Amino acid sequence: MNFRLKTSKETGEKLVNLQAATGLTWNILSRIAVSLSLKDPSIPELVENKTGVDIHRNAMTGENDYIYKALIRQHANRNISDEEYFPDLFNAHLERGIVLLENEYKHAGNYEKLLLNLLKMEN
């Protein structure tokens, strides 16, 4: 069982930049990013470039780890092993989602508008 995830360099930089801009911690930003990625029905590409931020599983998903695994399993529409879930699929969703989150932030222009736009998103 793997308890560490390594992002790409680009995702690590985006997390740092979004944290500075919003004041939200990287783990909260990551959870939002994964949620945004799960809205897209396609399966995200697995991460090959792992030269960014090193994140511990408990810090990333906390006490809701089983919920994230269930959501990612449902998204994949199949049973997935724990090793496939974390770090592989979780990281893939994080990578895709952080791009979406960064775009949402750029579109909103500030933290308050970002939150309002995220709250208005349809299922």
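The questions below concern how certain descriptions of this predicted model are justified.

Q: Why is Thr 7 called buried?
A: Thr 7, which is found in the loop between strand S1 (4-6) and H1, has a relative accessible area of 0%; buried means under 20%, and Thr 7 is therefore classed as buried. Its contacts, not counting residues up to four places away in sequence, are with Gly 12, Asn 49, Lys 50, Thr 51, Gly 52, Val 53, Ile 55, Asn 91, Leu 94 and Glu 95.

Q: Why does Asn 49 count as partly exposed?
A: The relative accessibility of Asn 49 is 32%, and because partly exposed covers what lies between under 20% and over 50%, Asn 49 takes that label. Asn 49 lies in the loop between helix H2 (26-38) and strand S2 (54-56), and, leaving aside neighbours within four places in sequence, Asn 49 is in contact with Thr 7, Ser 8, Lys 9 and Glu 10. Asn 49 and Lys 39 are 10 residues apart in sequence, with 24 Å between their C-alpha atoms.

Q: What makes Asn 77 exposed?
A: Asn 77 has a relative accessible area of 69%, and since exposed means over 50%, Asn 77 is described as exposed. Asn 77 sits in the loop between helix H4 (65-76) and H5, and its phi is near 60°, a positive value in a residue other than glycine.

Q: How do you know that the span of helix H5 agrees with its number of residues?
A: At 1.5 Å a residue, the 27 residues of H5 (residues 82-108) should span 39 Å, because the expected span is 1.5 Å times one less than the number of residues; the end C-alpha atoms of H5 are 36 Å apart, which agrees. H5 nevertheless has a kink of about 30°, centred on Asp 88. Pro 87 is also placed in H5, and a cis peptide bond, with omega about 20°, joins Phe 86 and Pro 87. After H5 comes Gly 109, whose phi is positive, near 95°.

Q: What describes the way H1 and H5 cross?
A: Two packed helices are described by the angle between their axes and the distance between the axes. The axes of helix H1 (residues 9-22) and H5 come within 10 Å and cross at roughly 35°, and the crossing is left-handed. Residues of H1 including Leu 15 and Leu 18 meet residues of H5, among them Leu 94, Ile 98 and Val 99. By class, this contact of H1 with H5 has eight nonpolar, two polar and three charged residues.

Key. Residues are numbered from 1 along each chain as its sequence is written. This is a predicted model: local features need pLDDT of at least 70, side-chain atom pairs count only at pLDDT 80 or more; totals for chains, interfaces and linings use all residues. Side-chain values use heavy atoms; hydrogens and water are left out. Helices (H or I, at least four residues) and strands (E, at least two) are DSSP runs, numbered from the N terminus. The bend at a residue is the angle between axes fitted to the seven residues ending there and the seven starting there. Axes are lines fitted to C-alpha atoms, for helices over the stretch in contact, and angles run from 0 to 180 degrees between N-to-C directions. A crossing is left-handed if the near helix is turned anticlockwise from the far one by less than a right angle, and right-handed if clockwise. Contact means heavy atoms within 4.5 Å. Ala, Val, Leu, Ile, Met, Phe, Trp, Tyr, Cys and Pro count as nonpolar, Asp, Glu, Lys and Arg as charged, and the others, Gly among them, as polar. Buried means under 20% relative accessible area, exposed over 50%, partly exposed in between (1.4 Å probe, protein chains only).
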